[in-house]
Amino acid sequence: MSDVNIKAICQQAKQAALQLAQLSEADKNQLLLAMADQLEADTALILAGNAKDMAAGRDKQLAEAMLDRLLLTEDRIKALANAVRYIAALPDPVGQIRQMAPRPNGIQVGKMRIPLGVIAMIYEARPNVTADAGALCLKSGNAVILRGGREALQSSLAIAASLHKAMAQQGINPAAISVIPDPDRALLLELLQQKDSVDLVIPRGGEGLIHFVSDNSKIPVIQHYKGICHLYVDKAADLDKAMALLLNGKTQRPGVCNSLETLLVHQAVAPEFLALVSAAFEEKQVEVFACDLSLPYFTGATKADETQFDTEYLRLAMSVKTVADYDEAVAHIQRHSSGHTEVICTQDISTAQRFLKQINSAVVMVNASSRFSDGGELGLGAEIGISTSKLHAYGPMGLESLTTEKYIVIGDGQTR
């Protein structure tokens, strides 16, 4: 039986959150910059921990997409540190006041942004989450409890140890960033019951993990289950742009949630464009599941059944469908979308505007790669997760999504 005391970890995080909530923006920025420097200084130690995780992952025959998420390199650690520096440079939402207005009796009423308190992050083979979540939560005045999967445990512990060095130098309670050192599922279940200490749970990982967290948590959960991202190539598309969007969105990092999974092509440009796609996919070794109209353009493609269009491949595979017109493309997206990211390629401004209004996924793009659906690329510095639930936060979650608002009232002795 594990000797990890989940209740104590959560209570200590709650105490640490009280300290963080009182830090000035300058204090938080100074700490974040020190944390970024410490990550780079500890590169060798972090890579040593990651090497243990990678060796164990290969022994377990993890999928290549999972191994890619797990892998840390010197460049990726430098990118982690730079993301922390970027977060330090962002405006601090805590304490911002808006809608301050007088009431007829003379009192002033407004809203002030405040931290949520304690965030529990549940994730799998994503060691970068340890640094990203730690930095985002600290800047927004929240403590964070990190429960990574067994696959990334040594990497996460090494990153957290580095962050703790910087925190100790600044006199910050180390419980502000806590890593649960045992990935036992029973401990996760216990964590999800700590509603008196933890304010929000954010799971990042496979669909099974997210369902487990959502089904078992007594704490509010922000989640997205999968990323079935579409590219629709309109009859007014620039086909060179469309090909660039397709290859970047599908083949750059196929194992991430903002990679493309379904290609929709207007029948007017299908003969020319799908011939180009076929040659490119053959070179890139992309497996194709195609509808009846698209199938003749590909060699060795598999006929797509309806379930293919609800599949998140997370590998070099893609569903392809030829559509009669714009309306059929939109109807298909509305039926099969997971609410993550959708892209249209078109030079017709009115069609682009219709797409922006009709598609309600968390991120909707015109002539831009789905790979930009990422907190860092959208200007958030880094993201702590992606919400497709529409409640509280929608899309990549940055600093503001980790705060809420309280009413403030300023009077001069008024009574009711």
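**Surface and charge**

I began with the accessible surface of the protein chain, which comes to about 18200 Å². Carbon and sulfur atoms hold 50% of that surface. The model is a predicted one, and I treat every value below as computed from it.

I then looked up the charged side chains. The protein chain carries 39 positive and 47 negative side chains. The centres of these two sets lie 6 Å apart.

**Overall form**

I recorded 13 helices and 16 strands in the protein chain. The radius of gyration is 23 Å, and the globule rule gives 22 Å for 416 residues, so the chain is as compact as a globular protein of that length. For the extent along the principal axes, I noted that the C-alpha trace spans about 70 × 65 × 35 Å.

I next asked what share of the 416 residues is buried. Buried residues make up 53%. I also looked up the contacts with a separation of 6 or more: residues 24 or more positions apart account for 74% of them.

**H230**

I turned to H230, which lies in strand β7, residues 229-233. Is H230 buried or exposed? Its relative accessibility is 0%, and the cut-off for buried is under 20%, so H230 counts as buried.

I looked for polar partners of its side chain. The side chain of E342 makes a polar contact with the side chain of H230 at 2.8 Å. A polar atom of the H230 side chain also lies 3.5 Å from the backbone oxygen of I228.

Setting aside neighbours within four places in sequence, I listed the contacts of H230. They include L260, T262 and L264. H332, I333, H336 and S337 are also among them, as are T341, E342 and V343. E342 therefore appears in my notes both as a contact of H230 and as its polar partner.

**L246**

I found L246 in helix α10, residues 239-251. L246 has a relative accessible area of 0% and is buried.

Which residues does L246 contact, leaving aside neighbours within four places in sequence? The list holds L231, T251, L260, L263, F273, V277, F281 and M318. L260 is a contact of L246, and L260 is also a contact of H230.

I took one C-alpha distance here. L246 and V233 are 13 residues apart in sequence, and their C-alpha atoms lie 9.4 Å apart.

**S155**

I looked up S155 in helix α7, residues 153-169. S155 is buried, with a relative accessible area of 0%. Beyond its neighbours within four places in sequence, S155 is in contact with G49, N50, D53, L72 and P127.

**Helix α4 and the loop before it**

I placed L67 in helix α4, residues 64-70. L67 has a relative accessible area of 8% and is buried. Not counting residues up to four places away in sequence, L67 touches M54, G57, R58 and L62. For a longer span I checked L67 against A175: the two are 108 residues apart in sequence and 29 Å apart in space, C-alpha to C-alpha.

I then moved to Q61, in the loop between α3 (43-59) and α4. At 70% relative accessibility, Q61 counts as exposed. I noted its backbone angle also: phi of Q61 is near 60 degrees, a positive value in a residue other than glycine. Most residues other than glycine have a negative phi.

**L314**

I found a positive phi at L314 too, near 55 degrees. Where does L314 lie? L314 is in the loop between β10 (302-303) and β11 (317-323). Its relative accessible area is 23%, and L314 is partly exposed.

**E74**

My last entry concerns E74, in helix α5, residues 74-89. Is E74 buried or exposed? Its relative accessibility is 56%, and the cut-off for exposed is over 50%, so E74 counts as exposed.

Not counting residues up to four places away in sequence, E74 touches T43 and L47. I also recorded the spacing of E74 and L47: they are 27 residues apart in sequence and 7.8 Å apart in space, C-alpha to C-alpha.

Notes. Residues numbered from 1 in each chain as written. Predicted model: local features only at pLDDT ≥ 70, side-chain atom pairs only at ≥ 80, totals over all residues. Heavy atoms only, no water. Helix = DSSP H or I, 4+ residues; strand = E, 2+ residues; numbered from the N terminus. Rg over C-alpha atoms; globule rule 2.2 N^0.38 Å. Buried < 20%, exposed > 50% of the residue type's maximum accessible area, 1.4 Å probe, protein only. Contact = heavy atoms within 4.5 Å. Areas by Shrake-Rupley, 256 points an atom, 1.4 Å probe, with all protein chains shown as cover. Lys, Arg positive; Asp, Glu negative; His and termini not counted. Charge placed at Lys NZ, Arg CZ, Asp CG, Glu CD. Polar contact = N/O pair within 3.5 Å; in protein donor to acceptor, adjacent residues only side chain to side chain.
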